[in-house]
Amino acid sequence: QADDYFDTILYTAASSNGTHTHGSISFTPDWSWIKNRNNSERHFLTDVVRGNVSVTDKFLVSSDGSAEGANGVSGTTFSVTSSGYQFVESSIDSGELYYNSRTYVGWNWKAGGAPTTDNTNAAGAEPTAGSVKIDGVNKSGAFSGSPDIPVTRLSANTEAGFSIVKYAGVTANPIKIPHGLNSAVEFLIIKRLDGGDSWMVGEPSLGFTSSNILRLEEPSVVGLGNVVFTASPDANVFTVGSATNVNSNTSPYIAYCFHSVEGYSKVGSYVGNNDADGPFIYTGFRPAFILLKDIDASRNWHILDAARNPQNVSNLFLNPNDNTAEVPFTFGDFVSNGVKITNTGGTFNTNGETYIYLAFAEAPFKFANAR
């Protein structure tokens, strides 16, 4: 079932200090992305590789390049549970992650679970595997001798086509980094953890070797002086170059890696036609979540989901590159096998411009009913 690997939590913060739990999903989240819906607050990202239990200062924010830290969270200790979230709140009227009576959305993915600390590689082996968990099983030593550099921690779910990779930069470039999946990565998000470098996003439509790059915190497609990606990913590794955003000696990085899985997830693109009878995006499933971006113009990133839009038309979107509250703006319909765009505006449907997307299923086509 699709909701074994991706699910959305909607919750309203409590009105008093204390311990508060939210969510009724069927798995312990390995990657969580949380955003306040009704106020201008940051997007907060946590994951199991960096630690997602008793977290106070390991948050990343998608709307700017800030290093890992508190990033506006104060008085709140966050943990994932077997079915959602726990907040221990000591200052209900401060901070951005859990504020008195405000409404929130949390998008959640299952990777391979918490990496272990066991590393059984032989002394002197190069590269060493670090702490690796694939499909819930410890795989210490799995990458010894294969990539150019080791990962320090990795959590992968090959069935769902999703992995979380923490690695350290080196002086050499380009470098190959194992992603732990069994197919080539199609959508790749990388963030340097100890510096204010931009989020880097790689995907096939723009080209992994292009001089231009997408930044998650920016609406525009921009060029960088140094090389970010030097080759398209393959079934074992992704390759990065000399840009400090992805490879600075000894700096830690986190990478979120995705590839399409039939009936569950889809990475793709479409071309706008500026018509109310807009493009149809075939995904092979009824979508639960879609992240999209115009790659030909300076336009915001957008997220829509079925939890906040349980009925068509889907029109409540949030922007990963800014902190604004949820805004209604017609997008289109989530249907049993994809998305039908019904908006003529530039945000989603400018004639001749290309839009990329990353989508996850609410139900596969063969089991999906109309909304």
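Student: How many helices and strands does the chain have?
Tutor: Good place to start! Keep in mind that this model is predicted. Counting its elements along the chain gives one helix and 28 strands.

Student: What share of the residues counts as buried?
Tutor: A residue is called buried when its relative accessible area is under 20%. The chain has 371 residues, and the share that meets this cut-off is 57%.

Student: Which strands lie at the edges of the open sheet that contains S2, S7 and S6?
Tutor: Let's start with the order of this three-stranded sheet, which is S2-S7-S6 with antiparallel pairing. From one strand to the next, the twist averages 20 degrees. An edge strand pairs on one side only, and that description fits strand S2 (18–22) and strand S6 (76–80).

Student: Which residue in S7 stands opposite serine 79?
Tutor: Strands of a sheet pair through backbone hydrogen bonds, either parallel or antiparallel. Here S6 and strand S7 (residues 85–89) run antiparallel and are joined by five bridges. Opposite serine 79, the residue in S7 is glutamine 86.

Student: How many residues of strand S3 are buried?
Tutor: Try looking at the two faces of S3 in turn. On one side Trp31, Trp33 and Lys35 are buried, and on the other Ser32, Ile34 and Asn36 are buried too. For strand S3 (residues 31–36), that makes the buried count six of six.

Student: What is the bridge partner of lysine 35 in S4?
Tutor: S3 and S4 are joined by a hairpin through six residues. Five bridges link S3 to strand S4 (residues 43–47), and the two run antiparallel. Within S4, the partner of lysine 35 is histidine 43.

Student: Which residue of S8 stands opposite tryptophan 33?
Tutor: S3 also pairs with strand S8 (residues 103–109), again antiparallel, through six bridges. Both residues you want belong to one aromatic cluster, whose members include Trp33, Trp107 and Phe162. Opposite tryptophan 33 in S8 is tryptophan 107.

Student: Why is the pair of phenylalanine 329 and phenylalanine 348 called stacked, tilted or edge-to-face?
Tutor: This is one of the 34 aromatic pairs counted in the model. Planes under 30 degrees apart count as stacked, and those over 60 as edge-to-face. These two rings have centres 6.2 Å apart and planes at 50 degrees, so the pair is tilted.

Student: How many residues apart are those two phenylalanines, 329 and 348?
Tutor: They sit in two elements of the chain: phenylalanine 329 is in strand S26 (residues 327–335) and phenylalanine 348 is in helix H1 (residues 346–349). Phenylalanine 329 is partly exposed at 32% relative accessible area, while phenylalanine 348 is buried at 0%. Along the chain, their separation is 19 residues.

Student: What kind of pair do phenylalanine 331 and phenylalanine 348 form?
Tutor: This pair again links strand S26 and helix H1, with its residues 17 apart. Phenylalanine 331 and phenylalanine 348 are both buried. Their ring centres are 4.7 Å apart and their planes meet at 65 degrees, so the pair is edge-to-face.

Student: Which residue lies over the face of tyrosine 99?
Tutor: Here we look for a charge above a ring, with a cut-off of 6 Å from the ring centre. The distance in this case is 3.8 Å, and the residue is arginine 102.

Conventions. Residues are numbered from 1 along each chain as its sequence is written. This is a predicted model: local features need pLDDT of at least 70, side-chain atom pairs count only at pLDDT 80 or more; totals for chains, interfaces and linings use all residues. Side-chain values use heavy atoms; hydrogens and water are left out. Rings of Phe, Tyr and Trp (its six-membered ring) pair if their centres lie within 6.5 Å; planes under 30 degrees apart count as stacked, over 60 as edge-to-face and the rest as tilted. Helices (H or I, at least four residues) and strands (E, at least two) are DSSP runs, numbered from the N terminus. Buried means under 20% relative accessible area, exposed over 50%, partly exposed in between (1.4 Å probe, protein chains only). A charge sits over a ring if NZ of Lys or CZ of Arg is within 6 Å of the ring centre and within 35 degrees of the ring normal. Two strands pair if DSSP finds at least two bridges between them. Axes are lines fitted to C-alpha atoms, for helices over the stretch in contact, and angles run from 0 to 180 degrees between N-to-C directions.
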